[in-house]
Amino acid sequence: MSTVLRTRCTVDADGRITFRLSSPGAAHRELVLVLRPRKGLPEETTHTLVLEPHGGEGEFRAVLEPQPALAEGRWDVYLRPGPDSGRERLRPGPRDVRVLVDGGVRDRPSPVAVRVPYTTKDGFLAIRAWLRTAHAEAGPLVLADGAMTVRARLHGAELTEAAEVSLRLRTDKETALTVPARAAADGGGTFTFTVAHTRLAGAGNGIWDAFLRPAADAPPVRIGRLLDDVADRGNVFVYPRVTVDGAVVRPYYTVDNDLSVEVTNAA
């Protein structure tokens with residue numbers, strides 16, 4: 001096909017995504033979602049949606065239902081005009097993702113499944129998906145009074161009085177800084193934690209990844225920010241660097257939108 005098609009998509013509160021495009025120009029039409037493999041590895045996972053006529057003027061529609069959940073990763077969207085045709089990348093048209101803006105307000109059962117349509121760096125349509133047994137959604141992060149304070153909400157698990165937050169050194173997960181996770185008075189799985197800048201500076205250089213342990217015997221849950229319409233948060237939520245005791249402390253969101261803190265030597 002010589003013309004790159006643009007695909008409109010709408011997300012509803014249940015995570016259902018509806019794709020619409022006009023005039024695919026073939027008798028048998030499919031959308032193919034391809035899980036982007038890690039560098040150097042072959043493609044292994046695809047998901048196919050049938051495009052069906054909908055409305056007038058040559059419009060077609062395909063619906064990605066909430067189940068089955070997509071595996072975590074980045075899914076590229078292709079059009080396959082016929083069973084013997086090659087697939088072609090699609091560019092995004094208007095994306096209605098308004099219901100995702102306040103997605104962290106709603107309770108999310110386990111497993112926590114998230115899908116965010118977005119535009120890739122080279123201008124094509126893709127879906128960022130997360131699938132986790134439980135998730136701690138980070139909210140406001142404040143750097144003040146010599147400390148980092150984060151408010152978050154747990155989804156897919158129960159928060160207990162024994163809950164604690166650990167910042168784990170990425171290169172040595174046995175090395176961690178642990179602080180209490182204080183449940184909010186209004187409940188609902190909301191909690192806050194505070195880590196002093198001096199404690200981070202004294203812990204040593206490296207990347208420290210944030211986890212919540214909801215109960216003494218519970219597995220750790222990664223703290224991040226997934227439940228809105230931002231597929232790549234790192235360049236959107238940028239926090240200032242804090243210099244203390246000869247070290248620079250910088251909280252940030254990773255490529256997977258998880259919360260981490262970088263500690264380096266001051267220049």
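V116 in strand β10 has R128 in β11 as its bridge partner. This is a predicted model, where local features need pLDDT of at least 70, side-chain atom pairs count only at pLDDT 80 or more, and totals for chains, interfaces and linings use all residues. Residues are numbered from 1 along each chain as its sequence is written, and side-chain values use heavy atoms, with hydrogens and water left out.

Back to the pair. Strands here are DSSP E runs of at least two residues, helices are H or I runs of at least four, and both are numbered from the N terminus. Two strands pair if DSSP finds at least two bridges between them. β10 (residues 112–119) and β11 are antiparallel, with 8 bridges. Their hairpin has 5 residues between the strands, and G123 there takes a positive phi near 90°. β7 (residues 73–80) also runs antiparallel to β11, through 4 bridges. One partnership is D76 with A126. β11 (residues 125–132) has 7 of its 8 residues buried. Buried means under 20% relative accessible area, exposed over 50%, partly exposed in between, with a 1.4 Å probe and protein chains only.

Next, the cores. A nonpolar core is a set of buried Ala, Val, Leu, Ile, Met, Phe, Trp, Tyr and Cys residues joined through side-chain atoms within 4.5 Å. The largest has 34 residues, and those touching the most other members are V165, F191, F193, L200, L212, I223 and L259. β13 (residues 147–155) gives the most to this core: 4 residues. Another core lies apart from it, with 33 residues, including L31, W75, V116 and I127.

Now a charge. R168 sits in β14 (residues 164–169). Which side chain of opposite charge is nearest to R168? E174, at 7.3 Å; R168 is buried and has no salt bridge. Lys and Arg count as positive, Asp and Glu as negative; His and the chain ends are not counted. A salt bridge needs a Lys or Arg side-chain nitrogen within 4 Å of an Asp or Glu carboxyl oxygen.

Last, the backbone. Most residues other than glycine have a negative phi, and most peptide bonds are trans. Q67 and P68 are joined by a cis bond, omega about 0°. P68 is in the loop between β6 (59–64) and β7. S110 to P111 is cis too, with omega near -5°. D145 has a positive phi of about 55°, in the loop between β12 (135–144) and β13. D145 is exposed, at 82% relative accessibility. D245 has a positive phi near 50° and is exposed, at 64%.
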